[in-house]
There are 2 protein chains.
Amino acid sequence: MTNNPTRSQMRIDRILKRLNRAISAQELYTELRQANQSMGLATIYRSLEALKIQGQVQVRMLPNGEALYSSAQQQDQHHLTCVNCGTSIPIDECPVHNLETELENTHKFKVYYHTLEFFGLCSLCQLAAE
Amino acid sequence: MTNNPTRSQMRIDRILKRLNRAISAQELYTELRQANQSMGLATIYRSLEALKIQGQVQVRMLPNGEALYSSAQQQDQHHLTCVNCGTSIPIDECPVHNLETELENTHKFKVYYHTLEFFGLCSLCQLAAE
DNA sequence: TTTAATGCAAATACTTTGCAGGAAA
DNA sequence: TTTCCTGCAAAGTATTTGCATTAAA
């Protein structure tokens, strides 16, 4: 935390800030490689882990066990995810900011970010289910 | 969906309903084995998948990529999770029910359940960070 | 020179899939 | 008999770790 950021951390932080979407470690690895700016996969994971602990980076776990990383500066982004087909629809609403402040006080917990995801059946899968 | 539940699905559904907490597939496997009611790991995963699609079971992904399953009848349970030490504190509050109904209407999406998790630093890790 | 960061490869852990045997209809 | 379920073992995937190398201080 008091630690100086490494070069890799700074590179990744910069990329995530430019990019306006969440990206997986694997994808980051592939993209960097294609751009001839390769970075070892282990380094990518280690950097993301460090940035996460510093609160620079948010993580969202997909139902398949893959982690998606994005800059903490990114706006809240939540989703409706279909448990059947996996389709994920981004939504704009987010009703939890007040609660966040409240939790920081009652639990003396410094909240970096939150994840809010809805799971169920998309309209297509509801039809297919009949 | 129109499918009849298998024996395994019914067994697992029953267990999850009794149990008042979320459990991983691996733990379920171990517990059943110890209770001399073994079930193959593949069957456990397949049953959980089916129950999930039917909306009988909720899933929450842990930051380590492990999935925690619980009965859909279970009450909402959300957490404050420390990005540093991994400690997870259950919280009671949940401000998203109205939104859920709203989303069902605007997106024609049948919401089974949602996950809401807060990430940051617990009080201890805040101290350690200085 | 001393310390810390990096990359590669091996190891880990969870989950999924292929397939043969077995139970139910 | 026919269909579906189940278990085992093998494969797949994301992630972590050990260690030798390299870069920075």
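A residue is counted here as near a DNA strand if one of its heavy atoms lies within 4 Å of that strand. By that criterion, 17 residues surround DNA strand D in this predicted model, and 19 residues surround DNA strand C. Protein chains A and B are also in contact with one another, through 43 residues of chain A and 42 residues of chain B. The points below treat the protein interface, the two DNA strands, and the fold of the chains in turn.

**Interface between chains A and B**

- The size of an interface is often given as the accessible area lost when the parts come together.
- For chains B and A the buried area is about 3,800 Å², and carbon and sulfur atoms contribute 70% of it.
- The interface contains 0 salt bridges, whereas 10 residue pairs are in polar contact, with both residues of each pair at pLDDT 80 or more.
- On the chain B side, at least two residues each are supplied by helix H3 (41–53), strand E4 (78–82), strand E5 (88–91), helix H4 (97–107), strand E6 (110–121) and helix H5 (123–128).
- Strand E6 of chain B provides the largest share of that side, with 12 residues.
- Sorted by class, the side of chain B that touches chain A comprises 24 nonpolar, 10 polar and 8 charged residues.

**Strand pairing across the interface**

- Strands of a sheet pair through backbone hydrogen bonds, either parallel or antiparallel.
- Strand E6 of chain A (residues 110–121) pairs with strand E6 of chain B in the antiparallel sense, over 11 bridges.
- Within this pairing, His114(A) has Phe118(B) as its bridge partner.

**Surroundings of DNA strand D**

- The residues that come nearest to DNA strand D are drawn from both chains: Arg7(A) and Tyr45(A), together with Ser8(B), Thr43(B) and Arg46(B).
- Of the atoms of DNA strand D that come within 4 Å of the protein, 74% belong to sugar and phosphate.
- A phosphate oxygen of this strand lies 2.5 Å from a polar side-chain atom of Ser8(B).
- The side chain of Arg7(B) places an N or O atom 3.5 Å from a sugar or linking oxygen of DNA strand D.
- A base is also approached: an N or O atom in the side chain of Arg46(B) is 2.8 Å from a base nitrogen of DNA strand D.
- Two or more residues of the surface near DNA strand D come from each of helix H3 (41–53) of chain A, helix H1 (7–18) of chain B and H3 of chain B.
- The class composition of this surface is 5 nonpolar, 7 polar and 5 charged residues.

**Surroundings of DNA strand C**

- Here the residues that come nearest are Ser8(A), Gly40(A), Thr43(A) and Arg46(A), joined by Tyr45(B) from the other chain.
- Sugar and phosphate make up 71% of the atoms of DNA strand C that come within 4 Å of the protein.
- Thr6(A) has a polar side-chain atom 3.4 Å from a phosphate oxygen of DNA strand C.
- Gly40(A) approaches through its backbone, with an N or O atom 2.9 Å from a phosphate oxygen of that strand.
- From chain B, a polar backbone atom of Ala67(B) is 3.0 Å from a phosphate oxygen of DNA strand C.
- The elements giving two or more residues to this surface are helix H1 (7–18) and H3 of chain A, along with helix H2 (25–34) and H3 of chain B.
- H3 of chain B gives the most to the surface near DNA strand C, namely 4 residues.
- By class, the residues of this surface are 7 nonpolar, 7 polar and 5 charged.

**Fold of the chains**

- Chain A contains 5 helices and 6 strands, arranged along the sequence as α-β-α-α-β-β-β-β-α-β-α.
- The C-alpha trace of chain A spans about 55 × 45 × 20 Å along its principal axes.
- Chain B includes an open sheet of 3 strands in the order E1-E3-E2, with antiparallel pairing.
- Strand E1 (23–24) and strand E2 (57–61) of chain B are the edge strands of that sheet, each pairing on one side only.
- Strand E1 of chain B pairs with strand E3 (residues 67–71) of chain B over 2 bridges in the antiparallel sense.
- Opposite Tyr69(B) in strand E3 of chain B stands Ile23(B).

Notes:
Residues numbered from 1 in each chain as written. Chains lettered and ligands numbered in written order. Heavy atoms only, no water. Contact = heavy atoms within 4.5 Å. Buried area = accessible area lost by both parts, 1.4 Å probe. Salt bridge = Lys/Arg side-chain N within 4 Å of Asp/Glu carboxyl O. Polar contact = N/O pair within 3.5 Å; in protein donor to acceptor, adjacent residues only side chain to side chain. Nonpolar A, V, L, I, M, F, W, Y, C, P; charged D, E, K, R; others polar. Pairing = 2+ DSSP bridges.
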